[in-house]
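Here's a set of exercises to work through with the model open in your viewer. Have a go at each task before you read the solution.

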Amino acid sequence: MELKLTNIKKSFEDKEILHGINFSVKSGRALGLLGRNGAGKTTTIRIIMDVFRANEGEVTLDGEKFVPQSSQIGYLPEERGLYPKKTVTEQMVYLAMLRGKNKKDAIESTKKWLKKLDVIEYETRKLDTLSKGNQQKVQLAATLVGEPQIVILDEPFSGLDPVNAQILKDVIRELIAEGRIVIFSSHQMSYVEEFCEDIAIIDHGDVVLSGNLDEIKTEYGKGRRIVCANNLTLEELKSVCESKLSDMVTVHDVSKHYVILNVKDGINQWQLLDAFKENNVDIKTFGAYEPALNDIFVAKVGEEEAEEEKKNEDEEQPKKKGLFGRKK
Amino acid sequence: MKSFGTILKFELANYFKSKSYVISTLLICLVCVVIMFVPRFIKNDKSAKDDKEVAESAESKDGEVTYMALYDAEGFVDMELLQGYFYGVEFKVCDSADAVKKLVESEEAEAGYVINGITDYDYYVFNREMFDENTELFTEFMSMSVKMQYCEENGLDKDEFLALEYIPINVNENVLGKDSMSNYFYCYILIILVFMLIVMYGTTIATGVTNEKSNRSIEILVTSTSSTALLFGKVFAGAIATVFQVGLIGGSLLGSYQFNKSYWAIDIGQFLNIPANVVVAFAIFGIGGFLFYAFMYGALGALVSKIEDLNKSAGTAQMLVMIVYFITLIQLSNIDGVAMKVCSYLPFSSYSAMFARVAMGHVEIWEIAISAIILYASVAVMGIIGGKIFRASTLRYGNPIKLSAALKGLKKSE
């Protein structure tokens with residue numbers, strides 16, 4: 001199965017929110033849908049679920065126009081919500097039946113997911129009597145009770161302690177292993193790196209980066225090296241690089257343990273190591289740089305932000321010039 | 001359709017498990033039963049005390065005397081004749097108009113009369129009661145006094161005149177069409193009943209929708225089923241719960257009345273004896289009107305995210321129901337008037353106007369059929385529009401959405 005979004009555009013009250021979203025996700029894989037608050041992730045998710053209709057573009061499943069049946073999609077919204085005054089079983093059976101299960105199957109499925117998420121002991125309790133973490137797990141169970149093929153999880157780990165987070169991780173891994181399509185939206189990049197083979201970063205209604213996460217990391221790490229020395233602090237090392245090796249490298253960043261360098265074209269690692277030696281730098285660690293997803297996200301979204309600002313400035317410039325011009 | 005059934009069952013279970021619904025229904029039923037049993041208890045108690053009361057009645061009579069003041073300077077009043085009109089009243093004859101006023105002001109006399117001439121008098125009362133018949137009675141007495149004086153002056157036999165004056169006339173009323181007078185009572189009650197049910201359950205439906213939006217369960221609901229099925233399920237569950245509650249209350253009222261019928265001095269049955277065609281019209285138009293407004297309330301509930309904003313949003317429907325209610329009640333006395341005829345075709349108002357016309361006015365069967373078709377077609381349209389507004393608004397949080405903006409949004413999306 002492949003779920004594909006092609007050129008999705010959506011406007012609310014004359015304001016275009018999505019400007020042409022493209023990405024795809026295959027069964028047995030998880031896609032990390034990333035973006036800042038208000039970037040357009042939730043709108044995109046709602047279009048996949050056919051809650052909102054796109055103004056342009058289409059969502060397809062295996063090449064066919066995707067008209068989701070309630071049994072096909074399980075959605076865990078970021079804004080959690082079930083009936084606080086109803087028992088856990090009562091509302092889960094109701095939701096399972098809404099997704100096409102008969103009562104017997106709905107009860108069976110309810111028990112199965114409550115057991116898997118380790119909340120079966122609360123099946124007869126009213127939701128508002130449970131702790132936040134357990135309510136969270138019930139919410140996930142309610143998402144999965146219809147046995148959906150496409151699972152959309154929006155910030156599934158928020159509010160969970162490490163033990164419960166581990167239970168949830170196991171369940172998500174199981175969902176992926178069972179061949180379901182998992183779309184995972186989160187600001188917690190470490191979780192995305194843990195589960196997702198593919199990512200799509202949305203910013204201001206556009207997909208600014210998408211593809212296989214490993215490939216993206218390799219691409220982002222290309223031409224960069226990390227370095228630290230036995231005889232210099234990171235700041236001293238940075239200073240040496242900027243003053244004495246400026247024809248070979250530029251300093252990209254200084255992390256907690258390394259100086260991250262951008263290596264100029266045509267310079268290989270041996271030339272660089274020689275240059276360090278010539279400048280009395282006793283190298284402790286030297287290697288390829290693999291960026292964290294968080295760095296890629298910040299770099300990409302920051303880049304977009306800077307471009308946006310520049311664009312705005314450029315748009316304002318002629319007006320200013322004009323004004324001065326007239327004055328002159 | 002399957003999910004509609006699931007939603008209907010779930011929402012109905014919500015009503016039947018709701019403490020407020022169960023307690024209020026049982027309490028109202030209990031009150032109805034107790035009221036219907038009251039004459040039975042009073043009568044039993046009364047019959048046991050009957051003899052005692054008869055013996056005591058003569059003694060207590062003195063204590064029940066009402067005093068009134070009278071000033072008759074010219075001596076026009078025949079006290080014997082006056083006493084015949086005011087049974088159980090003792091007149092204190094005063095020597096001036098001021099004395100009459102003083103007695104009334106000090107509440108020593110319930111009322112006072114100052115006779116200015118044989119056809120002219122002043123009436124004094126301290127606090128006038130809602131149904132004060134004193135002037136009516138005294139005017140009747142004065143009129144009789146004039147007649148008696150005429151008989152005396154012209155040598156006519158007073159007794160013969162009185163016999164002619166009070167000759168009993170037998171009237172047999174035969175209403176071949178509708179009796180608006182007797183139909184007025186139940187028509188009035190049923191219009192109030194539908195109005196109350198629409199406002200009460202409409203608000204409950206709107207609150208239910210807003211609650212789901214406010215606790216965010218709507219997020220998972222709209223992705224589990226269609227918003228139209230959700231709204232239809234809620235509205236129909238509300239309608240069934242209403243019919244069940246009204247049936248139970250009506251049943252307990254009528255059942256306990258039947259059981260205690262012989263103890264009731266007045267025949268309440270004459271008011272409850274509603275013709276079958278009126279009951280059918282009430283059912284058709286009452287249910288149609290209920291559904292029409294319930295869809296409206298449901299959609300309006302989806303426009304807000306917080307319960308405290310609901311009044312603002314639901315006010316539109318509330319205002320409409322109120323206007324229809326007042327127009328219908330005011331026009332009951334002019335049942336075949338233009339206003340009532342127009343209202344009986346509009347879906348906003350036909351639930352009460354057409355029903356009232358069937359009960360009290362002149363209406364052809366084809367008129368009823370057209371009105372019912374318009375109403376139920378409007379219910380369907382309102383259901384579809386309501387479902388669309390519900391769908392478009394449920395996931396929009398924050399400030400309340402204006403109805404005009406929601407409708408504009410629908411037009412655009414189409």
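## Warm-up: domains

Keep in mind that this is a predicted model. In chain B, the C-alpha centres of domain 1 and domain 2 lie 55 Å apart.

**Exercise 1.** Work out which residues make up the domains of chain B, then do the same job for chain A.

*Solution.*
- Start with chain B: domain 1 covers 62-163, and domain 2 is 179-259 + 270-413.
- Now chain A: domain 1 takes 2-217 and domain 2 takes 224-288.
- Finish with the spacing in chain A, where the C-alpha centres of domain 1 and domain 2 are separated by 44 Å.

## Strands of chain A

**Exercise 2.** Find the order of the strands in the four-stranded open sheet of chain A, and say how they pair.

*Solution.*
- Trace the sheet across and you get the order 2-1-4-5, with antiparallel pairing.
- Next, look for strands that pair on one side only: these edge strands are strand 2 (15-26) and strand 5 (64-65) of chain A.
- Then zoom in on strand 1 (residues 2-12) and strand 4 (residues 56-61) of chain A, an antiparallel pair joined by five bridges.
- For a register check, pick A:Lys4, which sits opposite A:Thr60 in strand 4 of chain A.

**Exercise 3.** Is strand 3 of chain A buried or exposed, and what about its two faces?

*Solution.*
- The cut-off you need is that buried means under 20% relative accessible area.
- Six of the six residues in strand 3 (residues 30-35) of chain A are buried, so the rest of the structure largely encloses this strand.
- To sort them by face, recall that side chains in a regular strand alternate between the two faces of the sheet.
- One side of strand 3 of chain A carries A:Ala30, A:Gly32 and A:Leu34, the other A:Leu31, A:Leu33 and A:Gly35, and both faces are covered.
- Now for pairing partners: strand 3 of chain A runs parallel to strand 8 (residues 181-185) of chain A over four bridges, with A:Leu31 opposite A:Ile183.
- Strand 3 of chain A also pairs in the parallel sense with strand 9 (residues 198-203) of chain A, over five bridges; there, A:Gly32 has A:Ile199 as its bridge partner.

## One residue after strand 9

**Exercise 4.** Where does A:His204 lie, and why does it count as partly exposed?

*Solution.*
- Place A:His204 in the loop between strand 9 and strand 10 (206-212) of chain A.
- Its relative accessibility is 37%, so A:His204 counts as partly exposed.
- Check the side chain too: A:His204 makes a polar contact with the side chain of A:Asp203 at 3.2 Å.
- Compare sequence and space: A:His204 and A:Leu114 are 90 residues apart in sequence, and their C-alpha atoms are 38 Å apart.

## The interface

**Exercise 5.** How many residues of chain A and chain B are in contact, and how much area do the chains bury?

*Solution.*
- Count the contacts: 30 residues of chain A touch 24 residues of chain B.
- The chains bury about 2,400 Å² between them, 56% of it on carbon and sulfur atoms.
- On the chain A side, A:Tyr83, A:Tyr94 and A:Leu98 lose the most area to chain B, together 24% of what that side buries.
- Now the charges: there is one salt bridge between the chains, and B:Lys17 meets A:Glu90 in a salt bridge at 3.0 Å, N to O.
- Four residue pairs are in polar contact across the interface.
- Last, the elements: helix 2 (88-98) and helix 4 (132-144) of chain A each give two or more residues to the side touching chain B, and helix 2 of chain A provides the largest share, five residues.

Key. Residues numbered from 1 in each chain as written. Chains lettered and ligands numbered in written order. Predicted model: local features only at pLDDT ≥ 70, side-chain atom pairs only at ≥ 80, totals over all residues. Heavy atoms only, no water. Domains from an automatic or database assignment. Pairing = 2+ DSSP bridges. Buried < 20%, exposed > 50% of the residue type's maximum accessible area, 1.4 Å probe, protein only. Contact = heavy atoms within 4.5 Å. Buried area = accessible area lost by both parts, 1.4 Å probe. Salt bridge = Lys/Arg side-chain N within 4 Å of Asp/Glu carboxyl O. Polar contact = N/O pair within 3.5 Å; in protein donor to acceptor, adjacent residues only side chain to side chain.
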